[in-house]
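Please describe the metal site and the ligand pocket of the protein shown below, with the cut-offs behind each term.

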Amino acid sequence: MGLLLALETSCDETAAAVVEDGRLVRSSVVSSQVDLHARYGGVVPELAGRAHLEALLPVVGEALRGAGLDLRRPGVDAVAATVGPGLIGSLLVGVAAAKSLAMAWEVPFVGVNHLEGHLYAALLEEGDLDFPAVVLLVSGGHTLLVSMTSPGEYRLLGRTVDDAAGEAFDKVARFLGLGYPGGPAVERAARDGDPAAVAFTRPMLNDGLTFSFSGLKTAVVHHVRDHPEVSTPDVAASFQAAVVEVLVHKALAAATASGARSVCLAGGVAANGPLRQATLDACGAAGLRAFLPSRAMCTDNAAMIAAAGYHRLRSDGPSPLDAGAVPSLAFPVS
Ligand code: KG4
Ligand code: ZN
């Protein structure tokens, strides 16, 4: 039951990976649709679904070949796919393909929660993760603080009440005319700016483990409208510093509150350089271990889906073939 093929098509990356025993990545292929959506300034669901349809089989073929497997009889023990949360038209492409392959190869199908997948990024790259761990999961759609006592055992400690951290980066980037995707664009612009130039409020800094980013985004808009002469790199750097400070402060507070021994980053925003550095510094000062998955593992990929699928299969068994995709699937708390 050790070799899994996993498919990930929840948003705008078409990805397939082959992973052994939930740990050893034999291949991981990601085909990005960034160029397709860039001129619209965001993901267009209709286009995303069609692009997944075109890209999926070549991507699966590349993943199987990359793992040294035969395309007709690859000998995988199960096929996993992200079943939610995500865009329905995109999810359905991966789910239908995974079920078809599972039926054709007469192996189990296992549906995976995309958010749970992100939690496995650090586990895949770090053999000796220190549990209990606090995972700060920051993506385009979610901002969660999760306590993880072992693979599959989670407690939700905090979340955002409005925009996700990545969503705030994307909206601010669009407002500043920095392009798409927003996170990397803000990070690039911020390199030439002064993070102390504008003193944006740190939203809900001392307000428990709940996040809020929509007010900060509005504060950026107001500041630029009131001070049209302000430099864009200064605004980008000041906005980024506010987001990073809040994220790191609450991740450390969550670690203290839950008795964690380590802090892991996960999700696309975890690719952010200043966030990674601030997490390392804060963990060092607090005597906690920091696990920062590589940037490729932070953003959407299928290796993390395979790892989560491997553990789900062991704990819950195969998913029924008539189970559908669930666009608003909630975070799986145990
Ligand atoms: O996890 P992910 O690839 O997809 C979702 O599941 O949402 O995360 C995408 C999000 C986007 O909002 C993107 O702007 C943000 O992650 N992101 C970043 C960086 N790279 C990606 N945000 C800040 N800095 C980055 N370097
Ligand atoms: Zn994601």
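A polar contact is here a pair of N or O atoms within 3.5 Å; within protein, one must be able to donate a hydrogen and the other to accept it, and residues adjacent in sequence count only if both atoms are side-chain atoms. This is a predicted model, in which local features need pLDDT of at least 70 and side-chain atom pairs count only at pLDDT 80 or more, while totals for chains, interfaces and linings use all residues. Residues are numbered from 1 along each chain as its sequence is written, ligands are numbered from 1 in the order in which they are written, and side-chain values use heavy atoms, with hydrogens and water left out.

The polar contacts to ligand 1 include the following.

| Protein atom | Atom of ligand 1 | Distance |
|---|---|---|
| Asp170, polar side-chain atom | oxygen | 2.6 Å |
| Gly166, backbone N or O atom | oxygen | 3.2 Å |
| His118, polar side-chain atom | oxygen | 3.2 Å |

Taken alone, ligand 1 exposes 550 Å², of which the protein buries 87% (accessible areas by the Shrake-Rupley method with a 1.4 Å probe).

His118 also serves the zinc ion (ligand 2), whose protein donors (N, O and S atoms within 2.8 Å of the metal, or 3.2 Å for Na, K and Ca) are His114 (NE2), His118 (NE2) and Asp300 (OD), at 2.0 to 2.1 Å. Along the chain these donors follow the spacing H-x3-H-x181-D. Both His114 and His118 are buried, meaning under 20% relative accessible area.

Terms used:
Buried < 20%, exposed > 50% of the residue type's maximum accessible area, 1.4 Å probe, protein only.
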